[in-house]
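Hi everyone, thanks for coming. I'd like to walk you through a structure that you probably haven't seen before, so let's get it up on the screen.

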Amino acid sequence: MNIHEISYVIVNRNVKSAVFVYKHYNVNTEMPIKLKDLFIICESIEKIIQWCISIGLILDLTGEVCKKCIHGHFGLRKDSSFSNDIFYWKCSNKKCSKKVSIRNGSWFQGHNLSLEKILFITYFWIYKIDQEFVKHELSICKQTIVDWYNYCREVCIEILKLDSEKRGGDSVIVEIDESKFGKRKYHKGRQVEG
């Protein structure tokens, strides 16, 4: 699994949902975006939403039947009074007019950070950018960055577990006795072999 595949599956703040997406949907294997591309994507909320829908980070409910009234279909609407994201999904049936946040069912759900900041935090985590730099650039408190970085790691661990289960094959149980992970700080301490 390459770094782009790992970054793609971090699509939901809930680890189980992120792993579900990884298991059931094809991972986009295009080249990872560059920082300059991310700046272009984040020029406006419209571009962010369009890009996130195109790669599956936000669910595309366009034309989906409304489960509340069964007669209407969802379409993307713009109204700044509904949420900070300005856009939302709305049922076409005037009697129903159900509204659904664009964050619903995505990794953005349940968080107050802007879509732009969440995308940048994830990008910086993928490329192992120091948290102090992220704090400075995005004007976000250190604890929020730590929480997101930890979450990204947690999703990767779950995906690696899932991949190791897949490689065992049908009716083959693979037992992992111990793990060997090591990182030396400032090139000091015992080097981990193997």
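Okay, let's start with helix H5, which runs over residues 115-126. That's twelve residues, and from the first C-alpha to the last the helix reaches 17 Å, close to the 16 Å you'd expect at 1.5 Å a residue. Keep in mind as we go that this is a predicted model.

So, how many of the twelve residues in H5 are buried? Ten of them, so to speak of H5 as mostly covered is fair. The buried ones include Leu115, Ile118, Leu119 and Phe120, and the run from Ile121 through Thr122, Tyr123, Phe124 and Trp125 to Ile126 is on that list too. Just after H5 there's a little backbone detail to look at: lysine 128 has a positive phi, about 55°.

Let me stay in H5 for a moment and zoom in on threonine 122, which sits in that helix. Threonine 122 has a relative accessible area of 5%, so it's buried. And what does its side chain meet? A polar atom of the threonine 122 side chain lies 2.9 Å from the backbone oxygen of isoleucine 118.

Now for the rings. There are six aromatic pairs in the structure. Take phenylalanine 124 and phenylalanine 133: their ring centres are 5.9 Å apart and the planes sit at 80°, so this pair is edge-to-face. Are those two residues buried or exposed? Phenylalanine 124 counts as buried, because its relative accessibility is 6%. Phenylalanine 133, on the other hand, has a relative accessible area of 40%, so that one is partly exposed.

Here's another pair, tryptophan 148 with tyrosine 151. Their ring centres are 6.2 Å apart with the planes at 85°, so again we call the pair edge-to-face. Both residues belong to helix H7, residues 142-168, and they're three residues apart, which is about one turn of the helix. Tryptophan 148 is at 2% relative accessibility, so it counts as buried, and tyrosine 151 is buried as well, with a relative accessible area of 5%.

If you follow the ring pairs around, you get a cluster that links Phe39, Phe120, Tyr123, Phe124, Tyr127 and Phe133. You'll recognise Phe120, Tyr123 and Phe124 from the buried list of H5.

On to charges. The structure holds four salt bridges, and I'll show you a few. In one of them, the side chains of lysine 47 and glutamate 43 come together at 2.6 Å, N to O. Lysine 47 is partly exposed, because its relative accessible area is 33%, while glutamate 43, at 55%, counts as exposed.

The next one joins arginine 103 to aspartate 85, with the closest N and O atoms 2.6 Å apart. Where do these two sit? Arginine 103 is in the loop between strand E3 (99-101) and H5, and aspartate 85 is in the loop between strand E1 (74-78) and strand E2 (87-91), so the bridge ties together parts that are 18 residues apart in sequence. Both arginine 103 and aspartate 85 are buried.

Then there's lysine 142 with glutamate 132, a salt bridge at 3.2 Å, N to O. Lysine 142 is in helix H7 and glutamate 132 in helix H6, so this pair ties together parts ten residues apart in sequence. As for how covered they are, lysine 142 is partly exposed at 32% relative accessibility, and glutamate 132 is partly exposed too, with a relative accessible area of 42%.

While we're in H7, have a look at threonine 144, which is also in that helix. At 23% relative accessibility it counts as partly exposed. Threonine 144 and isoleucine 121 are 23 residues apart in sequence, and their C-alphas are 9.8 Å apart in space.

Last topic, confidence. The mean pLDDT of the protein is 75, and 68% of its residues reach 70 or more. Which elements sit at the two ends of the range? Helix H1 (residues 3-9) has the lowest mean pLDDT, 48, and helix H6 (residues 131-138) has the highest, 93. Over residues 1-14 the pLDDT is below 50, though this stretch has 50 contacts in the model beyond near neighbours in sequence. Residues 23-29 are below 50 as well, with twelve such contacts. Where pLDDT is low, the predicted coordinates shouldn't be read in detail.

That's my tour, so over to you for questions.

Methods. Residues numbered from 1 in each chain as written. Heavy atoms only, no water. Helix = DSSP H or I, 4+ residues; strand = E, 2+ residues; numbered from the N terminus. Expected span 1.5 Å × (residues − 1). Buried < 20%, exposed > 50% of the residue type's maximum accessible area, 1.4 Å probe, protein only. Phe/Tyr/Trp six-rings, centres within 6.5 Å; stacked < 30°, edge-to-face > 60°. pLDDT = per-residue confidence, 0-100. Contact = heavy atoms within 4.5 Å. Polar contact = N/O pair within 3.5 Å; in protein donor to acceptor, adjacent residues only side chain to side chain.
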